[in-house]
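Work through the exercises below with the sequence and the model open side by side. Each task is followed by a solution in steps.

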Amino acid sequence: MIYRFIMRKKISGLVFIALIGMSSLPAQSNHPEPHTLEIGSKAINFSLPGVDGKTYSLKDFKAEVLVIIFSCNHCPTAQAYEERIMTIAKEYKPQGVDLVVISPNSPRALNLSEMGYTDLGDSFDDMKARAKYLHFTFPYLYDGDDQKTSIAYGPMATPHCFVFDKDRILQYCGRVDGHEKPGTGKGEDLRNALDAVLAGKTVATPVTKVFGCSIKWSWKDEYTRRLYQEWAELPVTLEPIDSAGIEELVRNRTNKLRLINIWATWCGPCVLEFPELVKIDRMYRGRNFEFISISADIMKKRTEVLEFLKDRQASNKNYIYSGDDVYKLIGAADPEWYGGIPYTIIVEPGGKMVYHKPDAIDPLFIKRLIVGDSYIGRYY
């Protein structure tokens, strides 16, 4: 679940995997809600790894003003502000401002149902991928293991900004600006705070409320534990489909982006990639999206195919080809397909194919296609 600070929440999908090692996490009752650092407080030192392979602490930032922003990969609000943060970092660097972004989230506390607006989670490796993809020019630091720095600063949502003066005294704490959707704001609140601190003046509005995804504290796992058990018990079905039915699937007379994967139990790459397709389904099935699998196994293998699907907890829509002529399956799915499997198709409503390719998928590439499509999107 994505908690929108303070009033909104959205369930963006289901997940089938179990968390590893969650039983070793501290109970929530042992961890009171962190408090946000107050104006006039001294910056708290930290030692955190960056995506560039370096380790950073306060002493590494020597500019007159220091901006620490707690943000992350998965949150739609955080993604909406990425370009603004990059622009502010670039424009204010020559004026004596260092800007650093810290990801406060524990990957253990983030499940696939919260990733309906993203292609990446909040692991350190995912942070490296996001920084490389968007060409971040500021340090991007990971605090997802013990979260000590995040607990000390107390961000409430992502992104949450902290602006410190030359003596590293907190002068501003709050939002980048009050306009979440890209193109509707230019970081006015953060810019006003930086201009004031650089000029040696008091920030007119030193504290503003923040709006975005709640911090994924490692000990807040009770909801996820309960949901994972429920998701593991969802029914898995397998229905026959003929070539006419496949043609109708590809026409996609729905309002959903449709991912179709044609596979077989005897196909090694098909079997290996299938769990990734189930994860993709769990990420986006709460959006205008659906995943459909079509088994090319012969009908007498139906029981074996269903057992495979149950073992993978594939509660999406699953079909098995009921015809005797596999070439009719090929022609119905895509006239440009020569028959190699696995074969994956992404079809927009109305039947426009935006992706059709044999062989195993690149999961990250597929996620970027999905979340980048106008029927899905990264933002509210």
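**Exercise 1. Decide whether Arg 168 is buried or exposed, and describe its backbone.**

Step 1. Arg 168 has a relative accessibility of 11%. The cut-off for buried is under 20%, so Arg 168 counts as buried. The model is a predicted one.

Step 2. Place the residue: Arg 168 sits in the loop between β9 and β10 (170-174).

Step 3. Read the backbone: phi of Arg 168 is near 60°, a positive value although the residue is not glycine.

**Exercise 2. Do the same for Asp 359: state its exposure class, its place and its phi.**

Step 1. The relative accessible area of Asp 359 is 47%. Partly exposed covers the range between under 20% and over 50%, so Asp 359 is partly exposed.

Step 2. Asp 359 belongs to the loop between β17 (353-358) and α10.

Step 3. Phi is positive here too, about 80°, in a residue that is not a glycine.

**Exercise 3. Find the partners of the buried Arg 287.**

Step 1. Locate Arg 287 in the loop between α7 and β14.

Step 2. Look for an opposite charge: the nearest such side chain is that of Asp 373, 9.6 Å away. A salt bridge needs a nitrogen-to-oxygen distance within 4 Å, so Arg 287 has none.

Step 3. Look at the backbone instead: the side chain of Arg 287 reaches the backbone oxygen of Gly 116 at 2.7 Å.

**Exercise 4. Describe the largest nonpolar core and the surroundings of Phe 274.**

Step 1. The core holds 31 residues; those that touch the most other members are Phe 274, Ile 280, Phe 289, Leu 309 and Ile 370.

Step 2. Two or more residues each come from β13 (257-263), α7 (268-284), β14 (289-295), α8 (302-311) and α10 (363-372). Helix α7 gives the largest share, seven residues.

Step 3. Setting aside neighbours within four places in sequence, Phe 274 is in contact with Asn 261, Trp 263, Phe 291, Ser 293, Phe 308, Leu 309, Arg 312, Ala 314 and Asn 318.

Step 4. Another core lies apart from this one; its 27 residues include Val 67, Val 101, Tyr 142 and Leu 190.

**Exercise 5. Classify Lys 310 and give its distance from Leu 37.**

Step 1. Lys 310 is part of helix α8.

Step 2. Its relative accessibility is 42%, so Lys 310 counts as partly exposed.

Step 3. From C-alpha to C-alpha, Lys 310 and Leu 37 are 48 Å apart in space; in sequence they are 273 residues apart.

**Exercise 6. Which residues do the cis peptide bonds at Pro 159 and Pro 342 join?**

Step 1. One cis bond joins Thr 158 and Pro 159, with omega about 0°. Pro 159 lies in the loop between β8 (157-158) and β9 (160-164).

Step 2. The other runs from Ile 341 to Pro 342, with omega near 5°. Pro 342 is in the loop between α9 (326-333) and β16 (343-347).

**Exercise 7. Summarise the chain as a whole.**

Step 1. Count the elements: there are ten helices and 17 strands.

Step 2. The C-alpha trace spans about 80 × 40 × 35 Å along its principal axes.

Step 3. Of the 380 residues, 52% count as buried. The chain exposes about 17300 Å², and carbon and sulfur atoms supply 52% of that area.

Step 4. Among contacts with a separation of 6 or more, 78% are between residues 24 or more positions apart.

Technical notes:
Residues are numbered from 1 along each chain as its sequence is written. This is a predicted model: local features need pLDDT of at least 70, side-chain atom pairs count only at pLDDT 80 or more; totals for chains, interfaces and linings use all residues. Side-chain values use heavy atoms; hydrogens and water are left out. A nonpolar core is a set of buried Ala, Val, Leu, Ile, Met, Phe, Trp, Tyr and Cys residues joined through side-chain atoms within 4.5 Å. Buried means under 20% relative accessible area, exposed over 50%, partly exposed in between (1.4 Å probe, protein chains only). Helices (H or I, at least four residues) and strands (E, at least two) are DSSP runs, numbered from the N terminus. Contact means heavy atoms within 4.5 Å. Lys and Arg count as positive and Asp and Glu as negative; His and the chain ends are not counted. A polar contact is a pair of N or O atoms within 3.5 Å; within protein, one must be able to donate a hydrogen and the other to accept it, and residues adjacent in sequence count only if both atoms are side-chain atoms. Accessible areas come from the Shrake-Rupley method with a 1.4 Å probe; for residues, only the protein chains shown count as cover.
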